[in-house]
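Me: Could you take a close look at one part of this model for me? I would like to follow a single strand and the sheet around it, with a short stop at a buried side chain elsewhere.

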Amino acid sequence: MTSADILACLANVIDPDFQRPLAETGAIHDVRVDGNTIQVFLELVQPIHWVAREINSACASAIAQRYPQAEVEIFVRERGLPDAVRSKSLAGVRNLIAVASGKGGVGKSSVAANLAIVMAQKGASVGLLDADIYGPSQPTMYGMAGEGMKAEKTEDGKIIGYPNERYGVKIASIGFVMQRDQAAILRGPMLAGYFTTLVDQMQWGDLDFLVFDLPPGTGDIQLTLTQKIPLTGAVVITTPQEIALADVRRSIQMFRKVNVEVLGVVENMSFFVPPDNLDRRYYIFGRGGGTAVAKEFDVPFLGEIPIDASVREGSDNGFPVALNPDAGAVYDAFQSVASNIVSQIRKRNAAHTSSPVTITI
Ligand SMILES: Nc1ncnc2c1ncn2[C@@H]1O[C@H](COP(=O)(O)OP(=O)(O)OP(=O)(O)O)[C@@H](O)[C@H]1O
Ligand SMILES: [Mg+2]
């Protein structure tokens, strides 16, 4: 049994996001054989939380098929991103995702809140930045309305802030730093000041994901925010109606203009499942709008989220529905959308990673 034999066993193990064999993606960093013990060192494009276990067990069973008696140890590490030029405060943040929409009220904040929770529950370190200066909703959605934010002055007079934490997610919101209803009367320069506090002075620490809940629209504020932050990509939310789709088009065009990759489109409030007939779906606002607009712009369609009272209740009660596995279809939808987003991020990161290490044994 040699390293080359083990590599041959692994020849057909594929990375599910890239649909290519691990050997081709440069994921097999090293293979060591010592007597009956096999060690495989994998280096996967980050973020790895979704795929690590899956690939790990695929490798283990591929080896076991040929060498059932062997002791197999598989080590997985992340392949870093060489292009990560971040502002100082965001230096430890690996992936920055904007959740945006052209139209208001389509469910951006609900998706952002639940997405952050799904990611945290997968074991990722996650931050949520409520950048909606006019209507910060994350404090309510996370049951933290009225809370303040810890801040301190450094020796050189700089103010630094610390995000609050709930359900394993670090949260910073404009809602923590100003009084209720004050936001609506702020003007441009003041808004910029608040935003600087939230982004440049916040101690996020090391994060796998920082999710931005953007204010609705495609105006100056959104443009400034997306340019100020080194985004990994944007997730655009819509509902199925044509009136929302027109705004999605504007939103995608805005991101393209500033060279931010659109990771895909999520359709929210897609259908209603009556609680007394779980096999039925009513497409109240029409059907297929989200997939059509994704196709039109050649961006991925990331999934449909049903209309479900538990989304609204969860938001109002400070206990987002992603914390409740009994919620059924809507819970599953958030899981699936999150996993599709992470899959797109891995593809995007692969394209930005320097050429993979390939081994010859
Ligand atoms: N899938 C859903 N099922 C039921 N209610 C939903 C769903 N998604 C969002 N809602 C509800 O719709 C309302 C608007 O959602 P949300 O605040 O997330 O939208 P938004 O796009 O962030 O709005 P804004 O543009 O004001 O920031 C909220 O009351 C929310 O609870
Ligand atoms: Mg919102």
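Reply: Happy to. Two residues are in contact here if their C-beta atoms, placed from the backbone, lie within 7 Å. Please keep in mind that this is a predicted model.

Let's make the short stop first. By that contact rule, Ile 63 touches Ile 6, Cys 9, Ile 38, Ala 70 and Val 72, leaving aside residues up to four places away in sequence. Ile 63 belongs to helix H3, which covers residues 52-66. A residue needs 20 or more other C-beta atoms within 10 Å to be called buried; Ile 63 counts as buried because it has 22 such neighbours. Its helix, H3, lies across E4 and E5 and runs at about 150° to E5. Those two strands sit in an open sheet of 3 strands, ordered E3-E4-E5, with mixed pairing. At the edges of that sheet are strand E3 (28-34) and strand E5 (71-79), each of which pairs on one side only. From one strand to the next, the twist averages 15°. Strand E4 (residues 37-45) and E5 run parallel and are joined by 9 bridges; as an example, Thr 37 has Glu 71 in E5 as its bridge partner. For a sense of distance, the C-alpha atoms of Ile 63 and Asp 156 are separated by 57 Å, with their positions 93 residues apart along the chain.

Now to the strand itself, E13. All 6 of the 6 residues of strand E13 (residues 233-238) are buried, so the strand is largely enclosed by the rest of the structure. In a regular strand, side chains alternate between the two faces of the sheet. Both faces of E13 are covered: on one side Gly 233, Val 235 and Ile 237 are buried, and on the other side Ala 234, Val 236 and Thr 238 are buried.

Next, the neighbours within the sheet. Strand E6 (residues 93-100) pairs with E13 in the parallel sense over 4 bridges. Ala 100 has Val 236 as its bridge partner in E13, and Val 99 stands opposite Val 235. E13 is also joined to E14 by 5 bridges, and these two strands run parallel. Here Val 235 stands opposite Gly 264 in E14. Val 235 therefore appears in both pairings, facing Val 99 and Gly 264, and is one of the buried residues. The route from E13 to E14 involves helix H9 (residues 242-257), and the three together make a right-handed β-α-β unit.

Stepping back, E13 is part of an open sheet of 8 strands, in the order E10-E11-E7-E12-E6-E13-E14-E15, with mixed pairing. Strand E10 (164-166) and E15 stand at the edges with a single partner strand each, so one side of each is left without a neighbour in the sheet. The twist in this sheet averages 25° from one strand to the next. Helix H12 (residues 329-352) packs on the sheet and touches E6, E13, E14 and E15, with its direction at about 165° to that of E15.

Finally, the ligand. Ligand 1 is surrounded by 20 residues, the closest being Gly 104, Gly 107, Ser 109, Ser 110 and Arg 312. Two or more residues of this shell come from each of helix H4 (108-121), strand E14 (262-272), strand E15 (301-307) and helix H11 (309-317). By class, the shell has 6 nonpolar, 10 polar and 4 charged residues. E14 thus links the two views: it contributes to the shell around ligand 1 and pairs with E13.

Notes:
Residues numbered from 1 in each chain as written. Chains lettered and ligands numbered in written order. Predicted model: local features only at pLDDT ≥ 70, side-chain atom pairs only at ≥ 80, totals over all residues. Near = placed C-beta within 6 Å. Nonpolar A, V, L, I, M, F, W, Y, C, P; charged D, E, K, R; others polar. Buried ≥ 20, exposed ≤ 12 C-beta atoms within 10 Å, placed from the backbone. Pairing = 2+ DSSP bridges. Right-handed = clockwise from strand over helix to strand, strands pointing away. Axes fitted to C-alpha atoms, helices over the stretch in contact; angles between N-to-C directions.
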